[in-house]
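Please open the model in your viewer and keep the sequence panel beside it. The stops below say what to select at each step and what is to be found there.

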Amino acid sequence: MGLLLGRSATAETELPHELRSLSQGESGAVGSGQSLVFFCPRCHRRLCPLSRASGTNGGAAASQALTWRIPASRLEKAFFGGAAIKCLHCGAGRVSVEELSKTSSSASDDAHDEDYGLAGDQAVGAKTAPVPCLTVALRPAQPRQAVFRPFSACVCGCYDSVIDRAAAALSALNSCGPAGAKRRIHISRKTLRRSELSSSSSDALLPALALDLVVVAHRISGQRNPITDAHGLYTNLIEVAWSRADVVLVFLLDVPCEGYLSRMLDEQPTLLGLLSSGRLLPIFALPGEGGQAEAEPAAERVEDSAVAAPPPPESIGWLARCLDGKVPRIETTGELAQASGCGGAAVREATARAAATAAKEANTTSLLKAVAEGFLGRLLVRDAL
Ligand SMILES: [Zn+2]
């Protein structure tokens with residue numbers, strides 16, 4: 001233990017126990033066959049996207065060496081040699097690396113890219129903004145230092161039964177992952193009272209953990225209350241979560257078919273921004289079942305529906321995409337409401353049209369496909385971490 005108290009180690013902070021037990025050093029992570037997150041030793045947020053470099057490593061002793069691809073822009077060279085990846089979140093944490101070679105290919109078309117279950121998905125992935133990569137070996141301060149942790153996601157909402165349904169979809173990701181590696185995901189939950197939603201304190205709204213994804217889970221029931229924008233139920237929560245997590249997703253359950261979703265998107269510009277940037281996941285109610293938005297006290301209805309339906313398959317793939325940061329980068333929540341934001345007016349209009357069509361057929365998959373097509377040429381969250 002005394003070894004850990006060296007000068008370089010004191011700046012680093014220990015992972016909270018929820019994430020620590022599943023964290024790994026480099027060789028442990030590779031040996032485990034799990035898909036994990038390369039994290040900042042200081043603030044524990046994702047340090048940068050990392051994928052295994054394939055092919056030859058170039059050196060005589062290289063057969064044992066593990067090599068990784070990182071976006072070239074993330075390599076920081078020190079004045080007297082030595083290179084590191086520095087954390088963009090806290091600005092202080094870093095992990096030293098050794099630069100091995102430059103590769104010309106982009107991060108978006110690497111072999112670990114995943115098909116998220118939509119037809120033509122790979123093609124969409126390949127056409128997002130190209131990112132030059134290079135190959136490095138990790139040189140952490142301590143040879144067996146844990147530099148990989150599980151993915152960390154928090155599901156929050158007002159009702160346990162709704163949180164259960166979103167958490168079930170996330171849990172399903174623990175058994176699948178890119179290139180055969182199973183994701184390890186730590187899922188935290190936060191049930192919030194309506195009165196708590198307006199709190200500006202991050203600690204009151206979200207757990208004190210590094211978060212890759214925050215899922216705001218809401219079930220449509222009763223009167224059509226705004227979710228975002230002025231007087232929106234989750235306006236403040238989304239704002240607070242935006243700075244805490246790489247991606248914030250609104251998971252909307254039991255959305256009535258026909259014009260309900262279109263009216264919401266029309267009345268709440270931020271909601272359309274969330275949808276066109278891949279951060280709104282609407283699951284339609286089956287025709288004739290719930291979600292008809294008749295005016296009745298919402299609370300009792302929601303608690304009555306505690307029998308959790310199995311998560312729809314399209315939701316699982318989309319959650320994986322958000323967890324991996326493969327949605328367009330949006331700096332601030334203010335951008336979401338702007339007509340020129342989130343890919344521009346044309347993308348927003350196309351998204352709204354796709355939503356109207358999809359709602360008629362209760363077809364989330366066709367909507368998500370249209371949304372993913374709007375990602376073309378845009379910088380993704382993972383490429384800008
Ligand atoms: Zn950091």
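**A helix pair to begin with**

In this predicted model, select helix α13 (residues 345–361) and helix α14 (residues 364–373), which pack at an angle of about 170° with their axes 8 Å apart. An angle over 145° counts as roughly antiparallel, and that is why α13 is described as roughly antiparallel to α14. To see the contact itself, show the side chains of Ala350, Thr351, Ala354, Ala355 and Ala358 on α13, together with Thr364, Ser366, Leu367, Ala370 and Val371 on α14. Sorted by class, the residues of this contact are seven nonpolar and three polar, with no charged residue.

**The whole chain**

Zoom out now to the full protein, which has 14 helices and 15 strands. Of its 385 residues, 45% are buried, and among the contacts between residues at least 6 apart in sequence, 77% join residues at least 24 apart.

Colouring by pLDDT is a useful next step: the mean for the protein is 84, and 82% of the residues reach 70 or more. Residues 1–10 stay under 50, and the model has four contacts for them beyond four places in sequence. Residues 107–112 also lie below 50, although this stretch has 19 contacts in the model beyond near neighbours in sequence. Where pLDDT is low, the predicted coordinates should not be read in detail.

**The five-stranded parallel sheet**

Select next the open sheet of five strands, whose order is β12-β10-β13-β14-β15 and whose pairing is parallel. The edges are β12 (185–191) and β15 (280–284), and because each has a single partner strand, one side of each is left without a neighbour in the sheet. From one strand to the next, the twist averages 20°.

Within this sheet, isolate strand β13 (residues 211–219) and strand β14 (residues 245–255), which are joined in the parallel sense over eight bridges; labelling valine 215 will lead you to its bridge partner in β14, leucine 249. Moving on to the pairing of β14 with β15, you will find four bridges, again in the parallel sense, with phenylalanine 251 opposite leucine 281 in β15.

Is β15 mostly covered or mostly open? Five of its five residues are buried, so the strand is mostly covered. Leu280, Pro282 and Phe284 point one way from β15, whereas Leu281 and Ile283 point the other way, and all are buried.

**Strand β4 and its partners**

Turn to strand β4 (residues 68–71), where both faces are covered: Trp68 and Ile70 lie on one side, Arg69 and Pro71 on the other, and all are buried. Strand β3 (residues 51–52) runs antiparallel to β4 and is joined to it by two bridges, with arginine 52 opposite tryptophan 68. β4 also pairs with strand β8 (residues 132–138), in the antiparallel sense over four bridges, and there the bridge partner of tryptophan 68 is valine 136.

**A last stop at glutamate 99**

Finally, select glutamate 99, which is placed in strand β7 (residues 94–106). Glutamate 99 counts as partly exposed because it has 15 C-beta neighbours inside 10 Å. Leaving aside neighbours within four places in sequence, the residues in contact with glutamate 99 are Leu75, Ala83, Leu134 and Val136. Measuring tools in the viewer can be set on glutamate 99 and threonine 135, which are 36 residues apart in sequence and 6.3 Å apart in space, C-alpha to C-alpha.

Note on methods. Residues numbered from 1 in each chain as written. Predicted model: local features only at pLDDT ≥ 70, side-chain atom pairs only at ≥ 80, totals over all residues. Pairing = 2+ DSSP bridges. Axes fitted to C-alpha atoms, helices over the stretch in contact; angles between N-to-C directions. pLDDT = per-residue confidence, 0-100. Contact = placed C-beta atoms within 7 Å. Parallel < 35°, antiparallel > 145°, perpendicular 65-115°, else oblique. Nonpolar A, V, L, I, M, F, W, Y, C, P; charged D, E, K, R; others polar. Buried ≥ 20, exposed ≤ 12 C-beta atoms within 10 Å, placed from the backbone.
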